[in-house]
Amino acid sequence: MQQFLQPAIDLFERIPLLGMTVAGLTVFGGMCVVALVLVLMERKVAADFQTRPGPNRYGPYGAFQTIWDALKLLRKEDIRPTAVDFWVWFAAPVIVFVAAFAAYVTIPFDPVLYVKDLNIGVLYVFAIASWGVIGVLMAGWGSNNRYSLFGGLRSAAQLIAYEAPMILAALGPVALAGTLSLRGIVEAQQGVWYVLLQPVGFVIYLITAVAETNRTPFDMPEAEAELTGGFHTEYSGMKFAMFFLAEYANMVLVCSLATVLFLGGWQGPWLPGFVWFFLKVGFLVFLFIWFRWTFPRVRVDQLMVFAWKVLLPLAFLNLLLTGLLIVLGVF
Amino acid sequence: MYLQQYAPEPDSLESQDLWVNFGPQHPSMHGVMRLLVRLEGEVVREVVPIIGYLHRALEKIAESRTFPQFIPYTDREDYLGAMNGNLGYVLAVERLLEVEVPRRAALLRVLVAELNRIASHLIWWGTYSLDLGGWTGVTYGFREREGIVDIFQDLCGARLTYSYLRFGGVSRDIRPETIQKIKDFIPFLRKMLGEYRTLLTGNVIFEARTQGIGVISKEEAVNWGLTGPNVRASGVDYDLRRDDPYCLYPEFEFDVPVAVEGDCYARYLCRFEEMYQSLRIVEQVLAKLEPGPIQGKVPRVIKPKAGEVYLRTEAPRGELGVLLVADGSPTPWRLKLRGPSFNAVGAIPRLAQGWKIGDLISIIGSIDIILPDVDR
């Protein structure tokens with residue numbers, strides 16, 4: 001891999017602008033493909049849980065179904081409700097979309113396959129991923145629809161509540177590795193994966209990650225049975241597709257981060273690094289899909305109570321204990 | 001510019017009420033019903049149900065149809081419990097006609113009524129799971145119901161609107177293959193109900209969403225006219241099959257599940273347990289089934305003598321009352337149907353007041369309303 005990519009890396013180091021453009025397009029295109037594959041995976045796994053065949057018409061095992069769906073969404077008329085606050089409404093999916101994809105630049109998929117290794121990588125990912133909530137709020141407000149407004153407000157409350165324990169859980173591996181760089185954290189897990197040293201942190205991270213990506217059982221912002229479509233009720237066609245892709249891109253993002261922080265990133269025997277990375281991400285994504293298709297949805301206030309009264313103290317305790325053990329020299 | 005409408009007045013700090021329309025097209029309205037909901041944040045302060053989107057004037061239609069012609073309309077009153085709809089109407093007319101129903105036909109009536117009750121409860125189970133965000137339950141519920149629908153198709157050719165019952169009997173005899181099908185189906189459903197328990201009943205989230213939600217006391221439940229599993233969940237031990245028997249129900253052994261909590265979870269458990277009890281009745285019917293005629297002697301033209309009859313049966317959703325007034329002509333002079341769902345809709349404002357939006361959905365799902373039965 002290193003040798004194969006070396007000429008390109010040399011070229012990009014000489015012309016940084018070209019390098020950035022190519023890297024951006026690669027991340028964007030790659031993640032779009034991953035999101036499309038993921039939609040198919042979700043539909044197939046869900047179909048399996050529900051004892052039905054799922055998409056099976058286009059391509060082998062319905063493999064092209066999501067591509068057709070995406071093309072269909074692109075071709076659809078872009079309906080603009082008369083009552084919307086146009087610029088707020090228009091910008092919302094763009095912000096959500098960009099936030100979901102921009103965070104990928106620091107994720108190390110492989111020892112060499114990454115765009116930029118920032119020395120504040122963890123901080124950067126959380127900061128960028130937090131943009132998404134602004135877009136959701138704008139969508140809820142700008143749509144001028146009461147269901148959307150509820151969805152947007154719920155989303156804001158939920159994401160703020162769950163971000164705190166999530167970051168606290170992510171600080172455990174940071175403390176262990178002694179670096180904020182994602183690449184550094186993966187390299188520090190040479191011997192033992194942090195999921196073994198941080199089991200509580202891992203569980204907290206997983207739960208909050210489900211909430212961060214607005215998926216069942218924490219899919220308050222779009223709770224179909226209550227709010228019809230939540231914040232994206234008034235969106236159709238391309239704009240809806242952007243929300244949709246962003247949701248799946250976000251899911252891959254939190255799973256990638258979990259892989260980097262807890263599951264040893266690209267490390268594993270025999271297979272090349274990026275294969276291991278995507279296998280681990282795929283496993284976590286499968287967990288997410290499993291949750292979604294078996295659990296009912298919690299209520300909005302139960303969700304808040306769970307975040308503030310259970311997860312946050314637990315995450316604090318976990319971090320304190322980790323720090324204590326590091327100081328005592330156990331880890 | 002529209003946003004100004006909802007924003008508070010600039011010179012006051014009072015907040016405005018938020019009225020939200022739930023329905024008539026809404027994912028968790030079971031049919032076309034509209035709820036006007038006044039919200040204070042997430043809290044439901046007031047609910048105004050608006051019904052009538054499915055009104056077909058069934059009662060008025062009855063006055064221009066002959067007695068047998070109205071049987072297919074009773075299928076459409078509560079289409080998930082069509083056999084039970086048939087049963088209530090047919091029994092009322094038979095009481096006016098004073099005809100004898102052969103034993104085999106009477107047993108078949110109990111059989112189809114109980115199977116239909118299970119089918120109706122299976123759909124309720126699936127949609128309740130869906131209302132609470134569990135997408136998988138709905139496919140399971142419909143899959144098992146399919147077995148019952150297939151049995152009915154074997155029996156009478158129809159899958160939803162059966163019109164199986166006739167005055168003095170039933171339209172077709174049951175075939176041995178169909179009996180075998182039912183015998184195979186009973187253990188299968190028992191196994192599946194066990195699976196349902198592991199999927200939903202013991203789930204922590206499910207319990208958090210239903211326990212203690214939408215509580216209604218014994219007295220209030222009676223005063224609001226709730227019937228069937230809804231009132232049994234509040235501690236009223238009352239089941240028309242046992243307390244005001246019709247058909248051959250006194251011959252069968254079954255328990256009436258009663259809970260005392262009166263919340264969504266109690267209503268859920270009552271309905272769930274009823275499926276087991278109905279299976280018990282079905283088993284007993286099959287054991288008693290003997291060859292014989294399926295149609296009693298009825299006049300060629302159904303012309304009951306003038307009179308009035310009120311008859312109530314235990315439909316899947318509660319008490320189905322039929323008031324029939326005949327004047328000696330071949331058409332009813334007046335028919336009044338008392339459906340269980342209508343009263344249940346009336347109780348939604350009482351049940352949902354003070355709870356959150358999510359609870360409102362949970363409550364509507366737990367009382368198991370069906371809109372054609374509300375509007376008629």
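Which residue follows α5(A), and is its phi positive or negative? The residue is Asn144(A), and its phi is positive, near 55°. Please keep in mind as you read on that this is a predicted model. Here are my notes, point by point.

1. **Helix α5 of chain A.** Just ahead of Asn144(A) in this part of the chain is α5(A), a helix of 22 residues that covers residues 121-142. At 1.5 Å a residue, a helix of that length should span 32 Å, and the C-alpha atoms at its two ends are 32 Å apart, so expectation and model agree.

2. **Where the two chains meet.** On the chain A side, 25 residues are in contact with 28 residues of chain B. Three helices of chain A each give at least two residues to the side that touches chain B: α10 (224-227), α12 (273-294) and α13 (300-328). Sorted by class, this side of chain A holds ten nonpolar, seven polar and eight charged residues.

3. **The nonpolar cores.** In soluble globular proteins, nonpolar side chains tend to be buried together. Here the largest nonpolar core has 101 residues, and the members that touch the most others are Leu360(B) and Ile363(B). Helix α5 of chain B (residues 103-131) provides the largest share of this core, with 16 residues. If you would like to look around Leu360(B), its contacts are Val37(B), Val44(B), Ala352(B) and Trp355(B), leaving out residues up to four places away in sequence. There is also a second, separate core of 91 residues, which includes Phe101(A), Tyr162(A), Leu171(A) and Ala211(A).

4. **A sheet early in chain B.** Strands of a sheet pair through backbone hydrogen bonds, either parallel or antiparallel. In chain B, three strands make an open sheet in the order β1-β2-β3, with antiparallel pairing. Its edges are β1 (18-22) and β3 (43-50), each of which pairs on one side only. On average, neighbouring strands of this sheet are turned by 25° against each other, ignoring direction.

5. **The β2-β3 pair of chain B.** Strand β2 of chain B (residues 34-40) is joined to β3(B) by seven bridges, and the two run antiparallel. To follow the register, start with Arg34(B), whose bridge partner in β3(B) is Ile50(B); Arg38(B) has Glu46(B) as its bridge partner in that strand. The hairpin of β2(B) and β3(B) has two residues between the strands, and Gly41(B) takes a positive phi near 65° there.

6. **Another sheet in chain B.** Strands β6, β7 and β8 of chain B form an open sheet in the order β6-β7-β8, and the pairing is antiparallel. The edge strands are β6 (307-315) and β8 (332-338), each pairing on one side only. From one strand to the next, the twist averages 15°. Nine bridges link β6(B) and β7(B) (residues 318-326) in the antiparallel sense, and the two strands form a hairpin with two residues between them. Within this pair, Glu314(B) has Glu319(B) of β7(B) as its bridge partner. Helix α4 of chain B (residues 82-97) packs on the sheet, where it touches β6 and β7 of chain B, and its direction makes about 150° with that of β6(B).

7. **Pro332(B).** This proline is found in strand β8 of chain B. Is Pro332(B) buried or exposed? Pro332(B) is buried, because 25 other C-beta atoms lie within 10 Å, and 20 or more count as buried. Apart from neighbours within four places in sequence, Pro332(B) is in contact with Ala62(B), Glu63(B), Phe67(B), Leu324(B), Val325(B) and Ala326(B). Pro332(B) and Asp17(B) are 315 residues apart along the chain, and their C-alpha atoms are separated by 48 Å.

8. **Two positive phi values to check by eye.** Most residues other than glycine have a negative phi, and most peptide bonds are trans. Thr51(A) is not a glycine, yet has a positive phi of about 50°. Thr51(A) sits in the loop between α2 (16-49) and α3 (65-75) of chain A, and counts as exposed, with 10 C-beta neighbours inside 10 Å. In chain B, Ala57(B) has a positive phi of about 55°, although it is not a glycine. Its place is the loop between β3 and α2 (58-62) of chain B. Ala57(B) is exposed, with 10 other C-beta atoms within 10 Å.

Notes
Residues are numbered from 1 along each chain as its sequence is written. Chains are lettered from A and ligands numbered from 1 in the order in which they are written. This is a predicted model: local features need pLDDT of at least 70, side-chain atom pairs count only at pLDDT 80 or more; totals for chains, interfaces and linings use all residues. Two residues are in contact if their C-beta atoms, placed from the backbone, lie within 7 Å. Helices (H or I, at least four residues) and strands (E, at least two) are DSSP runs, numbered from the N terminus. Ala, Val, Leu, Ile, Met, Phe, Trp, Tyr, Cys and Pro count as nonpolar, Asp, Glu, Lys and Arg as charged, and the others, Gly among them, as polar. The expected span of a helix is 1.5 Å times one less than its number of residues. A nonpolar core is a set of buried Ala, Val, Leu, Ile, Met, Phe, Trp, Tyr and Cys residues joined through C-beta atoms within 7 Å. A residue is buried if 20 or more other C-beta atoms lie within 10 Å of its own, exposed if 12 or fewer, and partly exposed in between; C-beta atoms are placed from the backbone. Two strands pair if DSSP finds at least two bridges between them. Axes are lines fitted to C-alpha atoms, for helices over the stretch in contact, and angles run from 0 to 180 degrees between N-to-C directions.
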